[in-house]
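Q: Please give a close look at the aromatic rings of this model and at what surrounds them. I should like one connected account, with the cut-offs stated.

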Amino acid sequence: SSSSSSSSSSSAPKSPGKRREIDVMKLMMSDYDVTLVDDNPADMFVIFHGPADSPYAGGSWKVHVELPDGYPYKSPSIGFCNRLFHPNVDEMSGSVCLDVINQTWSPMFDLLNVFEVFLPQLLLYPNAADPLNGEAAALLLREPEQYKAKIREYVAKYGQAAATAGSDDSDSEGGGESGDESSNGASTSGSASSSGAAAS
């Protein structure tokens with residue numbers, strides 16, 4: 001009986017639930033700001049920063065990620081909580097086009113890939129042929145410079161989730177300067193380590 005129990009335990013990590021726990025843990029141990037909803041590992045908010053070499057640079061968004069029961073074989077659902085101007089993102093609901101996610105999703109991906117690869121690629125290379133935001137798609141095709149200007153306008157107006165998430169308390173106290181300095185140091189070292197992880 002001892003041999004059978006050892007074989008069953010070795011196959012256990014392949015279960016989707018276990019994989020989900022591992023992926024969530026990896027994301028929480030990374031440099032991303034992750035908040036679980038009611039301690040539920042299938043439902044979380046993550047702060048995502050716009051790619052540096054894009055009109056989204058300097059913006060940050062609170063992203064709602066929900067993992068289905070079939071994860072990682074089924075793709076997560078991803079939605080932006082603050083507004084974003086993008087052909088494949090519904091401007092009012094913030095949901096990301098499921099077709100776009102499903103075209104690129106594979107069980108080999110994990111949650112870190114979503115924030116380090118999938119979302120940056122989505123922002124850098126929108127698919128105007130399958131739009132959730134028709135105005136953004138039309139501007140991208142007809143007036144690319146105006147499209148970029150509109151993105152930057154939205155970033156300035158709505159794309160500041162990290163600022164609101166991190167500085168609410170210190171602003172009201174009026175004495176949050178030391179905290180800001182330490183967080184800046186943490187973010188620079190964090191970005192260096194995450195780029196290293198991406199390279200490997």
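**Aromatic pairs and their surroundings**

A: Of the 200 residues in the chain, 35% are buried (under 20% relative accessible area with a 1.4 Å probe, protein chains only; over 50% is exposed, and in between is partly exposed). The model is predicted, with local features requiring pLDDT of at least 70 and side-chain atom pairs pLDDT 80 or more, while totals for chains, interfaces and linings use all residues. Numbering starts from 1 along each chain as its sequence is written, and side-chain values use heavy atoms, leaving out hydrogens and water.

The general setting comes before the rings. Eight helices and four strands make up the secondary structure of the chain (DSSP runs numbered from the N terminus: H or I of at least four residues, E of at least two). Their order from the N terminus is α-α-β-β-β-β-α-α-α-α-α-α. Among contacts (heavy atoms within 4.5 Å) with a separation of 6 or more, 57% join residues 24 or more positions apart. The chain exposes about 11200 Å², and 53% of this comes from carbon and sulfur atoms (Shrake-Rupley method, 1.4 Å probe).

Ten aromatic pairs are counted (ring centres of Phe, Tyr or the six-membered ring of Trp within 6.5 Å; planes under 30 degrees apart are stacked, over 60 edge-to-face, the rest tilted). One of these pairs is formed by Trp61 and Phe80, edge-to-face with 6.4 Å between centres and 90 degrees between planes. Trp61 belongs to strand β3 (residues 60–66) and Phe80 to strand β4 (residues 77–80), so to speak of this pair is to speak of a link between distant parts of the chain, 19 residues apart. Both Trp61 and Phe80 are buried. A second edge-to-face pair is that of Tyr154 and Tyr158, because their planes stand at 65 degrees, with ring centres 5.2 Å apart. These two tyrosines are four residues apart in helix α6 (residues 144–158) and are therefore separated by about one helical turn. Tyr154 is buried at a relative accessible area of 8%, whereas Tyr158, at 26%, is partly exposed.

Trp61 and Phe80 also belong to one aromatic cluster, together with Tyr32, Phe48, Tyr56 and Phe115. Two members of this cluster, Tyr56 and Trp61, are in contact with Val155; beyond the neighbours within four places in sequence, Val155 also touches Pro55, Ala57, Gly58, Gly59 and Gln160. Val155 lies in helix α6 and is buried, with 7% relative accessibility. Its C-alpha is 5.2 Å from that of Gly59, although the two are 96 residues apart in sequence.

Phe80 has a neighbour of its own in Gly94, which sits in the loop between β4 and α3 (98–104). Gly94 is buried, at 5% relative accessible area. Leaving aside neighbours within four places, the contacts of Gly94 are Ile78, Gly79, Phe80 and Val89. Gly94 and Arg83, eleven residues apart in sequence, have their C-alpha atoms 6.5 Å apart.

Finally, the cluster member Phe115 leads to a helix pair. Helices α2 (residues 16–29) and α4 (residues 111–124) have axes that come within 7 Å and cross at roughly 50 degrees (lines fitted to C-alpha atoms over the stretch in contact; angles between N-to-C directions, 0 to 180 degrees). Helix α2 is therefore oblique to α4 (under 35 degrees is roughly parallel, over 145 roughly antiparallel, 65 to 115 roughly perpendicular, the rest oblique). Phe115, Leu111 and Leu112 of α4 meet Asp23, Val24, Lys26 and Leu27 of α2.
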